[in-house]
Amino acid sequence: MRFPPLSKMILFVLVFGALALFSMTARDPVTHSTLLWPAGGILLGTLILAPRSQWLVWGVITAIVHLAAGLLMDRPLAISVLFVVVNLVTVGSIAALWRLCTGGKESLTDPRGLLWFVLLVAAGSIAGSVLGWAGLQLLGRTPVGVSVEVLTVSTAVGALIGAPLVLAWAGFQPKRSSGRGHGARGLIWFIGLVLTAELAFDGPTAQMILHSTTFELSYLPLVFMVLVAVAWQQRGTTAALLVLGAIACINTAQGEGPFARSHELFGNALLEVQLYLAVAALLGLLMSVLNASREQALRDAVAWKVRSEGMLLGTCQLMYEVDPANHQIVWAGDLSRLLALQAAELANLAEFFERVHPDDRDRVIAYAGQRQAGDITARTQTFRFLAGDGEYVQLQDIGAPVVDFDDSVYRISGLLRLDDSVSGDEF
């Protein structure tokens with residue numbers, strides 16, 4: 001058994017304890033059931049990241065804080081112990097199975113890891129709720145109006161919100177970011193989410209501004225949550241979900257918002273707001289997967305760009321790409337260093353041909369025509385070229401057409417390099 005760092009244990013106690021007290025405070029006043037249990041998600045995320053040798057320590061800390069929170073909220077000792085045991089068994093089983101199924105190498109931004117996470121959270125929440133329900137019946141304390149469905153969704157939504165929060169913010173270190181525009185936009189979208197969530201779930205505010213508390217208003221925060229996810233990535237998404245869940249739960253518990261209609265049983269409204277938060281949590285997790293895929297693609301593209309530019313600089317070569325439709329040329333490499341020219345001076349084939357030595361021009365144009373026709377044998381040629389300093393240099397050209405699936409030429413790509421085997425005196 002190994003002890004985690006003291007700083008992590010203190011942070012865990014503060015976050016788990018705060019969310020546990022919040023959940024027990026923002027309860028259904030009729031059934032006394034929590035609307036969601038994000039504290040369980042905090043434990044789940046912690047166990048996913050922690051070595052197995054630390055699990056016993058985290059379990060003991062969780063049990064003490066959870067039991068203390070229950071007693072502080074005047075929950076009977078027997079029920080407090082029951083919920084502590086159910087929470088530890090449920091969360092521990094989900095974490096162990098997720099690490100087993102993914103080999104401990106996947107993350108929630110990976111489609112496979114996310115799929116296993118959602119499936120295991122759903123199955124574990126059902127099993128834990130059945131176990132908790134049976135325990136309440138044995139204790140003779142089954143709450144009126146609370147079903148297994150309500151307990152299941154409360155546990156599942158808490159896991160979907162809490163665990164990604166831990167995984168996203170683990171190892172976070174403040175640093176100066178170059179994406180100031182994204183940060184500012186993200187802050188605007190986050191403020192928009194808070195305002196629209198208050199507008200949708202705070203009854204007096206909605207009635208005062210829009211004279212309505214309809215269900216359609218609940219869609220507004222989801223739009224801003226997606227915008228926050230785009231700007232602030234996974235960390236912003238988890239923070240937005242936590243704030244949205246807090247606002248929805250507090251106002252619904254007060255009998256306000258689109259899900260707390262007075263003509264229905266509060267238990268139905270409880271389940272409705274839980275399902276709403278479940279959909280929001282799943283939407284946030286899917287956005288994290290999409291964002292991670294996009295960011296990885298951008299990183300790969302930048303890495304290949306750096307490799308290509310390094311190779312061209314190191315070998316003193318130029319890379320070109322010709323669009324056969326408009327004869328425009330895209331250059332890569334240090335054009336000014338090798339030919340004393342700028343890319344704008346060689347923007348198309350006509351400008352390029354003008355600088356080819358008159359004795360070589362017809363042959364170079366003929367090669368270009370062959371390549372545009374799809375001839376892959378017209379690969380290599382050597383010709384004289386007028387550089388920007390007014391001197392002719394000899395270039396070796398290695399290129400070929402890129403043929404598309406319909407046998408049309410999509411691009412013509414190649415490399416140019418100085419042919420050092422011929423001196424300027426031989427021209």
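Which residue is the bridge partner of I398 in β5? In this predicted model, that position is taken by L415. The pair belongs to the contact between β4 and β5, two strands that run antiparallel and are joined by 9 bridges. The following paragraphs place this pairing in its sheet, then turn to the helix that lies across the sheet, to a buried aspartate in β4, and finally to a residue of helix α7.

The sheet is open and consists of 5 strands, arranged in the order β2-β1-β5-β4-β3 with antiparallel pairing. Its edges are formed by β2, residues 329-332, and β3, residues 380-386, each of which pairs on one side only. On average, and with direction ignored, neighbouring strands of the sheet are turned by 30° against each other.

At one edge, β3 pairs with β4, which comprises residues 392-403, in the antiparallel sense and over 7 bridges. Within this pairing, F385 stands opposite V393 of β4, and F383 has L395 as its bridge partner. The hairpin of β3 and β4 has 5 residues between the strands, and G390 takes a positive phi near 90° there. The hairpin of β4 and β5 likewise has 5 residues between its strands; in this hairpin, a positive phi near 70° is found at D407.

Helix α13, residues 358-372, lies across four strands of the sheet, namely β1 (317-322), β3, β4 and β5 (409-418). Relative to β3, the helix runs at about 135°. The length of α13 agrees with expectation, because 15 residues at 1.5 Å a residue should span 21 Å and the end C-alpha atoms are 21 Å apart. Buried residues of α13 are D360, V364, A368 and R371. These residues cover an arc of only 80° around the axis, and therefore lie on the same side of α13. The packing partners of the buried residues are β1, β3, β4 and β5, together with helix α12 (349-354). Just after α13, G374 adopts a positive phi of about 95°.

One residue of β4 can be followed in greater detail. D397 lies in this strand, and it counts as buried because its relative accessibility is 4%, where the limit for a buried residue is under 20%. The side chain of D397 makes a polar contact with the side chain of Y320, at 2.7 Å. When neighbours within four places in sequence are left aside, D397 is in contact with Y320, R371, R379, T380, Q381, F383, L415 and L416. Among these contacts, R371 is one of the buried residues of α13, F383 is the bridge partner of L395, and L415 is the bridge partner of I398.

A further buried position is found in helix α7, residues 180-201, which contains A200. With a relative accessibility of 1%, A200 counts as buried. Residues up to four places away in sequence not being counted, A200 touches L217, S218, P221, G257 and P258. A200 and N251 are 51 residues apart in sequence, and their C-alpha atoms are 9.6 Å apart in space.

Conventions: Residues are numbered from 1 along each chain as its sequence is written. Side-chain values use heavy atoms; hydrogens and water are left out. Two strands pair if DSSP finds at least two bridges between them. Axes are lines fitted to C-alpha atoms, for helices over the stretch in contact, and angles run from 0 to 180 degrees between N-to-C directions. Contact means heavy atoms within 4.5 Å. The expected span of a helix is 1.5 Å times one less than its number of residues. Buried means under 20% relative accessible area, exposed over 50%, partly exposed in between (1.4 Å probe, protein chains only). The arc is that of the directions from the helix axis to the C-beta atoms. A polar contact is a pair of N or O atoms within 3.5 Å; within protein, one must be able to donate a hydrogen and the other to accept it, and residues adjacent in sequence count only if both atoms are side-chain atoms.
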